[in-house]
Amino acid sequence: MSDNEYISQNFPLLAAIDSPADLRRLDVNQLPKVCEELRRFIIHFLSSNPGHFASSMGAVEINVALHYVFDTPNDRLVWDVGHQAYAHKILTGRRDRFYENRTMGGLSGFPNPSESEYDTFMAGHASNSISAALGMSIASELTDKQRKIVAIIGDASISGGLAFEGLNNVSSHPNNMLIVLNDNDMSIDENVGALSAYMTKLTTSKRYNNVRYKAYQFLRRRHVISDKGKGLVLRFNNAMKSLLSGQQNIFEGLNIRYFGPFDGHDVVQLVKTFTDVKEMTGPKIVHLHTRKGKGYKPAEEDPSVWHAPGKFDEETGERVVGDPTGKPLKYQDVFGHTLVELAEKNDKIVGITAAMPSGTSVSMLQETMPSRTFDVGISEGHAVTFAGGLAKDGMHPFCAIYSSFLQRAYDHIIHDVAIQHLPVTFCIDRAGLVGEDGVTHHGAYDMAYLRCIPGMTVAAPMDEHCLRHLMYTSQLDGKGPFAIRYPRGGGVIKDWQCEMKELPVGKGRKLSDGQRLAVLSIGTIGNEVKKALATLKEKGVEVAHYDMIFLKPIDESILAEVGEKYAHVVTVEDGTIEGGLGSAVAEWYADKENAPRVTRLGIPDDFIHQGTVPQLKEQCGIDAVSIAETIQKILTQN
């Protein structure tokens with residue numbers, strides 16, 4: 001049976017919805033059935049083609065109600081992160097392509113404006129929706145577009161610094177935007193922080209909502225509410241709220257009208273609520289309580305695991321997990337175990353993560369030494385400055401953050417750590433190509449954006465032993481800021497445990513000798529180089545290979561040796577080709593006479609979309625076959 005036949009037979013309402021306009025033709029009482037079909041649809045297709053599961057299951061009713069009430073795509077829905085937007089994709093003309101979600105050439109796993117007019121803004125990272133939606137709302141007013149703007153943000157994302165900046169400005173500029181707060185008490189791991197606790201406890205008096213709404217309608221009918229008078233009305237509302245409910249609401253303290261909390265799984269009530277607030281002037285927020293994984297018992301019971309569970313049996317919920325026996329550990333787990341080992345011997349070591357304890361394996365330290373482990377939530381900038389403060393007063397923080405997430409903390413790295421030469425170890429997980437999460441998640445830029453910072457040590461291990469040695473080296477006295485980058489997924493050494501030793505900073509190593517040409521690599525991409533050179537050796541071609549280990553300071557003795565012996569040098573890295581290892585090598589040789597020719601291989605100066613890691617390495621020309629072909633071509637031409 002084809003996918004289209006399966007959809008027609010099993011999802012009769014969904015099969016007739018090719019756009020939100022079709023959804024809006026249904027009676028409101030049919031919407032619960034649409035939600036039920038959407039959940040079964042997501043379960044079916046994600047069981048064999050994995051994606052972000054629990055978040056999208058928990059936001060089904062929100063997706064349906066928003067598209068039912070608002071005139072999309074003229075009205076704008078601005079998603080935060082996008083984990084909650086699978087139902088949005090299915091309802092907006094991508095139902096029949098959903099089987100290719102997160103695949104090369106297929107649908108992006110996140111909202112992407114280049115994919116659909118319904119995807120209004122890129123949504124791969126957290127906390128940007130309010131700021132983007134505010135910009136759209138003001139643009140709508142300035143251009144007289146007469147469109148509604150809705151930002152949908154989770155309770156974890158709203159704790160991010162950018163979201164606070166957006167909230168602060170929402171009340172400062174005239175706008176009519178709506179913020180929908182999807183509150184499920186979780187991000188990927190459990191939420192942390194005072195704001196999360198506040199969200200959990202926040203309640204709103206029904207009496208207050210009824211009285212305020214009637215007062216608003218009364219004043220509006222009598223033309224009491226005007227642009228000049230809105231601030232006065234809001235202050236009156238806030239005072240009424242405090243009187244009737246006995247508490248001051250943080251949002252209404254910012255002059256953002258607050259409604260809720262409501263049951264985020266009652267789609268009929270959501271339609272009524274969104275319809276009621278749709279035409280109200282001024283900024284407003286609707287607070288919804290939802291359950292991550294709603295409608296699928298295994299995901300409801302363990303939403304962290306079911307954030308992105310991989311393949312599973314849709315009937316039983318049993319996850320398809322590969323046999324780990326005999327396979328190397330993931331790099332993140334080698335990092336986690338090593339961090340615990342180091343912390344047991346060095347009481348100055350603390351671990352920091354930004355809402356990703358399990359994703360970075362800082363959870364291992366959290367389990368054994370909770371008082372020395374800090375999850376700061378989705379606040380990477382704060383994580384880095386917090387680490388700087390700890391380091392300033394004698395501690396040694398290991399700050400573990402995904403490469404593409406660390407970009408949000410760039411200013412803090414420079415001003416709050418590097419300028420003061422503070423001993424912070426940046427453990428940069430998910431460096432290089434990460435696969436199916438695609439363009440917003442590839443760790444392509446860390447080497448380039450860190451290399452230009454004075455005093456910053458930048459290193460990348462080729463294997464697990466080197467990772468352990470670098471972690472050990474970084475926590476020794478006098479090292480200053482020290483960045484170690486490593487990829488997602490499994491390593492290359494089954495016996496990853498070894499006695500740790502200090503590595504001389506700025507020194508690489510020669511792995512093999514050769515004639516005519518040398519390859520300089522950094523990080524785990526060096527293993528692809530080894531495979532390529534082994535293939536060439538079988539053909540009688542021997543090529544030298546150096547593992548640089550350190551990008552900054554770079555090993556000048558290796559560069560001098562290679563420059564004297566070889567006419568051609570090939571650099572290989574799994575970072576952007578602009579500003580990384582290849583650029584550093586070319587810059588060094590630019591000042592030398594009789595320098596070798598440099599060919600740079602890496603991630604091209606373009607945004608790389610989703611696919612498997614092997615597919616993307618091939619696309620970028622940094623897989624073993626492509627590296628061998630490039631070397632063979634160079635040798636043939638010279």
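Trainee: What separates Glu36 and Arg40 in helix H4?

Mentor: About one helical turn, because the two are four residues apart in helix H4. Keep in mind that this is a predicted model.

Trainee: Why is the contact between Glu36 and Arg40 called a salt bridge?

Mentor: The N to O distance is 2.5 Å. The cut-off is 4 Å between a Lys or Arg side-chain nitrogen and an Asp or Glu carboxyl oxygen, so the pair qualifies. Side chains of opposite charge can pair when their charged atoms come close.

Trainee: What makes Glu36 and Arg40 partly exposed?

Mentor: Glu36 has a relative accessible area of 30%, and Arg40 has 31%. Partly exposed runs between the buried limit, under 20%, and the exposed limit, over 50%. Both values fall in that range, so both residues get that label.

Trainee: How do you know that Arg24 and Asp71 form a salt bridge?

Mentor: Their closest N and O atoms are 3.6 Å apart. The limit is 4 Å, so the pair counts. It links distant parts of the chain, 47 residues apart. Arg24 sits in the loop between helix H3 and H4. Asp71 sits in the loop between helix H6 and S1.

Trainee: Are Arg24 and Asp71 buried or partly exposed?

Mentor: Partly exposed. Arg24 has 24% relative accessible area and Asp71 has 40%. Buried needs under 20%, so neither value meets it.

Trainee: What does the salt bridge between Arg485 and Asp574 tie together?

Mentor: Parts that are 89 residues apart in sequence, because Arg485 lies in strand S11 and Asp574 in strand S16. The closest N and O atoms are 2.7 Å apart. Both residues are buried.

Trainee: How many salt bridges does the whole structure hold?

Mentor: The search finds 30. Some share partners: Lys89, Arg94, Glu115 and Asp119 are joined into one network that way.

Trainee: Why is Lys89 called buried?

Mentor: Its relative accessible area is 0%. Buried means under 20%, so Lys89 passes. The residue belongs to helix H7. Its contacts beyond four places in sequence include Asn101, Phe110, Pro111 and Asp119.

Trainee: What makes the pairing of Lys89 with Glu115 a polar contact?

Mentor: The side chains come to 2.7 Å. The limit for N or O atoms is 3.5 Å, so the distance fits.

Trainee: How do you know that S1 and S2 pair?

Mentor: They share four bridges, in the parallel sense. Pairing needs at least two, so the call holds. One of the bridges joins Arg76 to Ile149. On S3, five bridges reach S2, also parallel. There, Ile152 partners Val180.

Trainee: What joins S2 and S3 into a β-α-β unit?

Mentor: Helix H9 completes the unit with S2 and S3, and the unit is right-handed.

Trainee: Which residues of S2 point one way, and which the other?

Mentor: Ile149, Ala151 and Ile153 point one way, while Val150, Ile152 and Gly154 point the other way. In a regular strand the side chains alternate between the two faces of the sheet. Six of the six residues in S2 are buried.

Trainee: Which helix gives the most to the largest nonpolar core?

Mentor: That core has 53 residues, and Leu23, Phe53 and Val180 are among those with the most contacts inside it. Helix H4 gives the most, with nine residues. Another core lies apart, with 49 residues, including Leu390 and Phe405.

Note on methods
Residues numbered from 1 in each chain as written. Predicted model: local features only at pLDDT ≥ 70, side-chain atom pairs only at ≥ 80, totals over all residues. Heavy atoms only, no water. Core = buried A, V, L, I, M, F, W, Y, C linked by side-chain atoms within 4.5 Å. Buried < 20%, exposed > 50% of the residue type's maximum accessible area, 1.4 Å probe, protein only. Polar contact = N/O pair within 3.5 Å; in protein donor to acceptor, adjacent residues only side chain to side chain. Contact = heavy atoms within 4.5 Å. Right-handed = clockwise from strand over helix to strand, strands pointing away.
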